[in-house]
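Student: Could you take me through one part of this model closely? I would like to see how the helices pack and what lines the largest pocket.

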Amino acid sequence: MSSGESSAVVDTGAPAPRSLAARVRAGLRQSAAFLVVGVIGFLVDAGTYNLLVFDFGVGDGEGVMFHIPLPAKIIAIAVATVVTYFGNKWWTFSHKQTGSPVREYVMYALINVVAIGLQLGCLGFSRYVLELSTPLADNISGTLIGQIVAVVFRYWAYDKFVFTGEGERETTERATGVAD
């Protein structure tokens with residue numbers, strides 16, 4: 001080949017772009033990991049709360065925070081937030097190279113506060129706008145609908161604002177000039 005000719009094929013040694021099926025599988029894996037971490041967080045939240053408030057029925061069934069359930073719930077949410085942060089960091093979004101752990105955790109906590117607000121907003125809308133106050137209505141609006149809205153928001157926000165580092169593959173592709 002002369003110096004004026006160019007090659008149509010350049011082997012950069014970079015991995016080939018992933019297929020649609022591979023991206024779907026990766027998305028499903030990440031979504032499933034996120035849901036498993038969420039279930040573990042829910043169990044930690046419920047377990048911590050019940051231990052603090054009801055002492056799991058041991059003795060008289062009154063835990064150390066029986067008469068102050070709201071602070072107990074705050075403690076339970078805080079413990080669950082720490083557990084889910086590390087579950088999401090080390091499993092769900094482990095493929096992303098991240099920056100400052102302090103920034104990550106602060107953003108994670110802020111997003112959880114917003115998500116709690118979304119759940120309370122669903123309950124409040126049902127209670128005070130629609131004037132539905134039965135246990136069934138509260139559980140549908142606050143627990144079911146509120147939780148779905150909050151989970152979708154958290155998944156999007158964690159990926160967008162918390163675990164913002166590029167994945168290893170994207171870093172390699174950008175460095176070698178290969179893109180999907």
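Tutor: Happy to; here is a walk through the helix packing and then the pocket. Please keep in mind that this is a predicted model.

Let's begin with helix α1, residues 20-54, and helix α4, residues 135-162, whose axes lie 11 Å apart and which pack at an angle of about 120°. That angle makes α1 oblique to α4. As for handedness, α1 and α4 form a right-handed crossing. On the α1 side, the contact is made by G27, Q30, S31, F34 and L35, and on the α4 side by V151, R154, Y155, Y158 and D159. Sorted by class, the residues of this contact of α1 with α4 are five nonpolar, three polar and two charged.

Next come α2 and α3. Their axes are 11 Å apart, and the two helices pack at about 125°. α2 and α3 are therefore oblique to each other. The crossing in which α2 passes α3 is right-handed. From α2, the residues I77, A78, T81, V82, T84, Y85, N88 and K89 meet P101, E104, Y105, Y108, N112 and I116 of α3. The contact of α2 with α3 is made up of eight nonpolar, four polar and two charged residues.

The third pair is α3 with α4. Here the axes come within 8 Å, and the crossing angle is roughly 155°. Angles over 145 degrees count as roughly antiparallel, and α3 and α4 are therefore roughly antiparallel to each other. The crossing of α3 and α4 is right-handed. The class count for the contact of α3 with α4 is 18 nonpolar, seven polar and five charged residues.

Now to the pocket. The largest pocket holds about 1100 Å³ of space. It is lined by 30 residues, and those closest to its centre are F42, D45, Q119, Q147 and R154. R154 of α4 is also one of the residues in the contact with α1, so you can follow that residue from one part of the picture to the other. Which helices supply the lining of the largest pocket? At least two residues each come from α1, α2 (69-92), α3 (101-129) and α4. α1 gives the most to this lining, with ten residues. By class, the lining of the largest pocket has 17 nonpolar residues, along with ten polar and three charged ones.

Notes: Residues are numbered from 1 along each chain as its sequence is written. This is a predicted model: local features need pLDDT of at least 70, side-chain atom pairs count only at pLDDT 80 or more; totals for chains, interfaces and linings use all residues. Side-chain values use heavy atoms; hydrogens and water are left out. Axes are lines fitted to C-alpha atoms, for helices over the stretch in contact, and angles run from 0 to 180 degrees between N-to-C directions. Helices (H or I, at least four residues) and strands (E, at least two) are DSSP runs, numbered from the N terminus. Angles under 35 degrees count as roughly parallel, over 145 as roughly antiparallel, 65 to 115 as roughly perpendicular and the rest as oblique. A crossing is left-handed if the near helix is turned anticlockwise from the far one by less than a right angle, and right-handed if clockwise. Contact means heavy atoms within 4.5 Å. Ala, Val, Leu, Ile, Met, Phe, Trp, Tyr, Cys and Pro count as nonpolar, Asp, Glu, Lys and Arg as charged, and the others, Gly among them, as polar. On a 1 Å grid over the protein atoms alone, a cavity is a set of points where a 1.4 Å probe fits but cannot get out, and a pocket is an open set with protein on both sides within 12 Å along at least five of seven lines; lining residues have an atom within 4 Å of a point. Grid points are joined across faces, edges and corners, and a volume is the space filled by probe spheres set on the points.
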